[in-house]
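Here's a quick briefing to read alongside the model. Have the sequence and the 3D view open, and click along as you go.

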Amino acid sequence: MKPTQSPRPKADKRSSSAKRSTGRLSALRQFMRERPVLEQVYWFLVRAVLFLFVTSFGAVVVLKYVPIWVTPLIVSRWFDTFGTDESSHVYKKWRSYDNISKEAALAVVSSEDQDFPRHWGFDFDEIQDAIRENQHRKRPRGASTISQQVAKNVFLWNGRSYIRKGLEVYFTTLIELIWGKRRILEVYLNVAETGPMTFGVEAASERFYHHSAAELSRNEAARIAAVLPNPILLSIRNPSNYVQRRTRQIARQMRYLGGQKYIRNL
């Protein structure tokens, strides 16, 4: 009988991979030590990224609970009045979600983002449609959700760049996870630009309808929503034919969605 031979030990692929990774890490450390200026820049960037993440995360947590009185857009509009004949007075009043007519909440959802109760911050179908349409349009059509608009208005500056768009994605994800739909909609109703130097539906309602946002009718709420795409050119007080037509369209959409029950469980 032949003696049984013990099987040869098989090479551990994971061990070899770990050794290669350790070797590369050691080489990187040696490379950095030989270039002290590069090492300082590297650690500065690491600390800066960690600082920005912690502060931005903390800001999102805090703003889940406190009213938002000032946004970059408000400051920008205020600065724009310098050196002009325009009034620098800002019309803005914070109102809790419970003290705003649900017709206003339904109107902005019907007009701006009908999938708001269901998506997680991004409407990918709308994004794809906008990309296709913008290949043939002179003026690009946006596809931002209410969540994206809130992230942009509260945390970011105006403008178009890949950096700002990337930060918009980051903050949109954070507020979806931390704030939830009800708080996002509450903030939108309070910070959205609704007219010249006018922000939020409470300020718009008092300034143009002479009563509080809690008393907004369906048509009044729909007209506010109708001017949101361009509240500087489109007027609530003196609605153009376009605004009147858009108001009727939004009111119909509010009925088609089933009325206030569409947003009842936010």
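Leaving aside neighbours within four places in sequence, which residues is Glu168 in contact with? Glu168 is in contact with Ser144, Gln148, Ala151, Lys152 and Leu156, where contact means heavy atoms within 4.5 Å.

Before going further, some ground rules. This is a predicted model, in which local features need pLDDT of at least 70 and side-chain atom pairs count only at pLDDT 80 or more, while totals for chains, interfaces and linings use all residues. Residues are numbered from 1 along each chain as its sequence is written, and side-chain values use heavy atoms, with hydrogens and water left out.

**Confidence and overall layout**

- The chain has an average pLDDT of 87, and 84% of the residues score at least 70; pLDDT is the predictor's confidence in each residue, from 0 to 100.
- Confidence bottoms out in helix 1 (residues 13–33), with a mean of 66, and peaks in helix 8 (residues 181–191), at 98.
- You'll find 11 helices and 3 strands in the chain; helices (H or I, at least four residues) and strands (E, at least two) are DSSP runs, numbered from the N terminus.
- Going along the sequence, the pattern reads α-α-α-β-α-α-α-α-α-β-β-α-α-α.
- Of the 266 residues in the chain, 38% are buried; buried means under 20% relative accessible area, exposed over 50% and partly exposed in between, with a 1.4 Å probe and protein chains only.
- Take the contacts between residues at least 6 apart in sequence: 71% of them join residues at least 24 apart.

**Glu168 and helix 6**

- Glu168 lies in helix 7 and is buried, at a relative accessible area of 1%.
- From Glu168 to Leu156 the C-alpha to C-alpha distance is 7.4 Å, with their positions 12 residues apart in sequence.
- Helix 6 has 9 of its 10 residues buried, so it is largely enclosed by the rest of the structure.
- Among the buried residues of helix 6 are Gln148, Ala151 and Phe155.

**Aromatic pairs**

- A pair of aromatic rings is described by the distance of the centres and the angle of the planes.
- The count comes to 8 aromatic pairs; rings of Phe, Tyr and Trp (its six-membered ring) pair if their centres lie within 6.5 Å, and planes under 30 degrees apart count as stacked, over 60 as edge-to-face and the rest as tilted.
- One of them is Phe155 with Phe171, a stacked pair at 4.5 Å centre to centre and 5° between the planes.
- Phe155 sits in helix 6 (residues 146–155) and Phe171 in helix 7 (residues 162–178), so this pair ties together parts that are 16 residues apart in sequence.
- Both rings belong to buried residues: Phe155 has a relative accessible area of 17%, and Phe171 has 9%.
- Phe155, Tyr170, Phe171 and Trp179 are linked into a cluster by ring pairs.

**Helix 4 and its partners**

- The axes of helix 4 (residues 102–112) and helix 11 (residues 241–256) come within 9 Å and cross at roughly 105°; axes are lines fitted to C-alpha atoms, for helices over the stretch in contact, and angles run from 0 to 180 degrees between N-to-C directions.
- That makes helix 4 roughly perpendicular to helix 11; angles under 35 degrees count as roughly parallel, over 145 as roughly antiparallel, 65 to 115 as roughly perpendicular and the rest as oblique.
- On the helix 4 side, the contact with helix 11 uses Glu103, Leu106, Ala107, Ser110 and Ser111, and they meet Arg246, Ile250, Gln253 and Met254.
- Helix 4 also packs with helix 8 at about 90°, the axes being 11 Å apart.
- For that contact, helix 4 supplies Ala104, Ala105, Val108, Val109 and Glu112, while helix 8 brings Leu185, Tyr188 and Leu189.
- Glu103, found in helix 4, is buried, with a relative accessible area of 11%.
- Not counting residues up to four places away in sequence, Glu103 touches Leu216, Ser217, Arg218, Ala221, Met254 and Gln260.

**Positive phi outside glycine**

- Met197 has a phi near 55°; its place is the loop between strand 2 (193–195) and strand 3 (198–199), and Met197 is buried, at 8% relative accessible area.
- His210 has a phi near 65°; its place is the loop between helix 9 (201–209) and helix 10 (218–227), and His210 is exposed, at 66%.
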